[in-house]
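Student: I'm new to this structure, and I'd like a close look at just one part of it. Could you walk me through a helix and what sits around it?

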Amino acid sequence: MRERIEKVEREITEIVIANKQDAEAFRILYLGSKGVLKSFYQEFRAVGADEKKELGQRLNELKLKIEEKLSKITWEETENNVATKIDFTRPGRSTQIGSLHPLTLIRNELIHVFSKIGFSISEGPEIEDDWHNFSALNFAPDHPARDMQDTFFIDSMMEGFSLRTHTSSVQVRVMENEKPPIRTISPGRVYRNEAISARAHCFFHQIEGLYIDKNVSFADLKQTLDYFAKSIFGGDAKIRLRPSYFPFTEPSAEVDVSCTLCHGGGCGVCKHTGWLEILGCGMVDPNVLDSCGIDSTIYSGFAFGMGIERIAQLKYRVTDLRLYSENDIRFLNQFHF
Ligand code: PHE
């Protein structure tokens, strides 16, 4: 009997069960009421006391092996018939959804605010020639902004090209290609050769605006900026303009918004002045209009430009510029809105 048990053990390891029918035949053959195991148990009753313990154990092992083989088959079968075995009542596994980058959020918000008053969106290349980044914008040949300290020049094969230092270059392209009235904003990444710190980076993002038509005045500029400040920083935000200088605008101004934290009372963020500097602006210099093929005796316009990081800093209180480009998930996770 011992030998026959061993033979059956070998037999079952070799049997291949390919489908449900095979499995059923296997079960009947070994575990059925007239099956192999049953006949072994019948024989076992007559076994002498000296062999009973050993053979009993062997029979048990054989039974376990047969059952194990069948249970594996059943498991494989479930795989083949997934559709019938899915538990539809089981709660799903949640997937992690990413969030928009804070700079994208602010950019979208700015685009929304300006598109409401009729501004379109223009984009242009990040690698620019001298004309679009500087010359057309009335930069004198020896203007310090052309200096190596500010501009990333691209040498060798692309003589005369640089990474744009502002998106005013896009506005030049728009003026060259479109007829007034022009009302457009140009969001995009710009580059400046600065040491990276919490307050400065070698690249950042801008949105610049341009409006050219007959009789555009400084009052239009002020009104547009006031609308922008109130839309972004809240209805009680105020702006103030300080005289400034840009080669491409005359007159030029720098714009402050009342501190979003202390509302003008004075705090650490606004250095106790009650005001935060947010953008540069002015009336487009007639030289620029003429350079771009727009008759400055008929048309006038205003332009403004701001850093998206700066606006994001004021809205989200991010004090270190480097956080925007480090992809730290702990930082980015805070912008699930
Ligand atoms: N281009 C200027 C800058 O990068 C911003 C600006 C745009 C100022 C338009 C005035 C008018 O700093």
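Tutor: Let's start where the helix stops: right after α11 comes R317, whose phi is positive, near 60°. Keep in mind that this is a predicted model. The helix itself covers residues 308-316, and its buried residues are I308, E309, I311, A312 and L314. Here's a handy bit of background: an α-helix has 3.6 residues a turn, so residues three or four places apart point the same way. Now look at what those buried residues touch. They pack against two helices, α6 (102-115) and α9 (218-233), and also against the strands β6 (203-213), β9 (275-284) and β10 (300-307).

Hang on to those strands, as they take us to the ligand. Its surroundings are made up of 13 residues, with H166, S168, R192, Q206 and E208 the closest. Two of these approach a nitrogen atom of the ligand: H166 has a polar side-chain atom 3.1 Å from one, and an N or O atom in the side chain of S168 is 3.1 Å from one as well. Q206 instead puts a side-chain N or O atom 2.9 Å from an oxygen atom of the ligand. On its own the ligand has 320 Å² of accessible area, and the protein covers 90% of that. Which elements give two or more residues to this shell? They are β6, β9 and β10, and β10 gives the most, with three. Sorted by class, the shell holds five nonpolar, six polar and two charged residues. So the strands that α11 packs against, β6, β9 and β10, turn up again around the ligand.

Technical notes. Residues numbered from 1 in each chain as written. Predicted model: local features only at pLDDT ≥ 70, side-chain atom pairs only at ≥ 80, totals over all residues. Heavy atoms only, no water. Buried < 20%, exposed > 50% of the residue type's maximum accessible area, 1.4 Å probe, protein only. Helix = DSSP H or I, 4+ residues; strand = E, 2+ residues; numbered from the N terminus. Contact = heavy atoms within 4.5 Å. Near = heavy atom within 4 Å. Polar contact = N/O pair within 3.5 Å; in protein donor to acceptor, adjacent residues only side chain to side chain. Areas by Shrake-Rupley, 256 points an atom, 1.4 Å probe, with all protein chains shown as cover. Nonpolar A, V, L, I, M, F, W, Y, C, P; charged D, E, K, R; others polar.
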